[in-house]
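This report describes one protein chain, starting from a single cross-link and working outward to the chain as a whole.

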Amino acid sequence: MYSKTLSVTLALLVLCCEITPHQAFDVPEVVKKHVKKLHKRCMAKTGVSEEILEQAQKGNLPNDPTFKCFLHCMFDMFGLIDSDNVMRLEALLEILPEEIHDKILALVDACGKKKGVDGCDTAYQSVECYLATDAPFMQSVIIDLVG
């Protein structure tokens, strides 16, 4: 079984490819398979529909309980939300290249204290804030999470 650190690393390799396409980095198939497996697991766990995920891929963040819990599930699987439902994006600084650190720190500064009524709502409110803070960066993240 993969550790959470490995899950974060695998997911972020995918994200790095979306963020820095000029680097011509090919995502290894094992990474793609792992992210897809986590995606399917979170879909099954939350009951989110394909239609709702397609909405999110098009840039419309659905205000739907199953989608909110899907986001929480994915963040949890990637080790980016803790057991107290606090987002921990700063954990990414240990894994991501330095040229992306400013983007992560800006998201942490702007949105690090979001707190919803539960973990699902916290994940959703955080993503809303991330989108408001840096939409191009977050759109690539959402595509990887829900795609």
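In this predicted model, cysteine 111 and cysteine 129 are joined by a disulfide with an S to S distance of 2.0 Å. The link is left-handed, with -80 degrees about the S-S bond. Cysteine 111 belongs to helix H5 (residues 98-111) and cysteine 129 to helix H6, so the bond connects distant parts of the chain, 18 residues apart. Cysteine 111 and cysteine 129 are both buried.

**The set of disulfides**

The structure holds 3 disulfides. A disulfide is a covalent bond between the sulfur atoms of two cysteines. The table lists the geometry of each link.

| Pair | S to S distance | Angle about the S-S bond | Handedness |
|---|---|---|---|
| cysteine 42 and cysteine 73 | 2.0 Å | -80 degrees | left-handed |
| cysteine 69 and cysteine 120 | 2.1 Å | 105 degrees | right-handed |
| cysteine 111 and cysteine 129 | 2.0 Å | -80 degrees | left-handed |

When the bonded cysteines are numbered in sequence order, the pairing reads 1-3, 2-5, 4-6.

**Cysteine 42 and cysteine 73**

A disulfide joins cysteine 42 to cysteine 73. Because cysteine 42 lies in helix H2 (residues 29-46) and cysteine 73 in helix H4, this pair ties together parts that are 31 residues apart in sequence. Cysteine 42 has a relative accessible area of 0% and is buried. Its partner, cysteine 73, is buried too, at 4%.

**Cysteine 69 and cysteine 120**

The sulfur atoms of cysteine 69 and cysteine 120 are 2.1 Å apart and form a disulfide. This pair links distant parts of the chain, with cysteine 69 in helix H4 and cysteine 120 in helix H6 (residues 119-133), 51 residues apart. Is cysteine 69 buried or partly exposed? Cysteine 69 has a relative accessibility of 27% and therefore counts as partly exposed, since buried requires a value under 20% and exposed a value over 50%. Cysteine 120, with a relative accessible area of 15%, is buried.

**Helix H4**

Helix H4 carries cysteine 73 of one link and cysteine 69 of another. Helix H4 spans residues 65-77, which is 13 residues. From its first C-alpha to its last, helix H4 reaches 18 Å, close to the 18 Å expected at 1.5 Å a residue. Which residues of H4 are buried? They are Phe67, Lys68, Phe70, Leu71, His72, Cys73, Met74, Phe75 and Met77. Just after H4, glycine 79 has a positive phi of about 75 degrees.

**The chain as a whole**

The chain contains 7 helices and 0 strands. Read from the N terminus, its elements run α-α-α-α-α-α-α. Of the 147 residues in the chain, 48% are buried. Among contacts with a separation of 6 or more, 62% are between residues 24 or more positions apart. The exposed area of the chain is about 7800 Å², and carbon and sulfur atoms supply 53% of it.

**Summary**

The disulfides connect helix H2 with helix H4, helix H4 with helix H6, and helix H5 with helix H6. Among the bonded cysteines, cysteine 42 is buried at 0% relative accessible area, whereas cysteine 69 is partly exposed at 27%.

Methods:
Residues are numbered from 1 along each chain as its sequence is written. This is a predicted model: local features need pLDDT of at least 70, side-chain atom pairs count only at pLDDT 80 or more; totals for chains, interfaces and linings use all residues. Side-chain values use heavy atoms; hydrogens and water are left out. Helices (H or I, at least four residues) and strands (E, at least two) are DSSP runs, numbered from the N terminus. Buried means under 20% relative accessible area, exposed over 50%, partly exposed in between (1.4 Å probe, protein chains only). Contact means heavy atoms within 4.5 Å. Accessible areas come from the Shrake-Rupley method with a 1.4 Å probe; for residues, only the protein chains shown count as cover. The expected span of a helix is 1.5 Å times one less than its number of residues. A disulfide is a pair of cysteine sulfur atoms within 2.5 Å.
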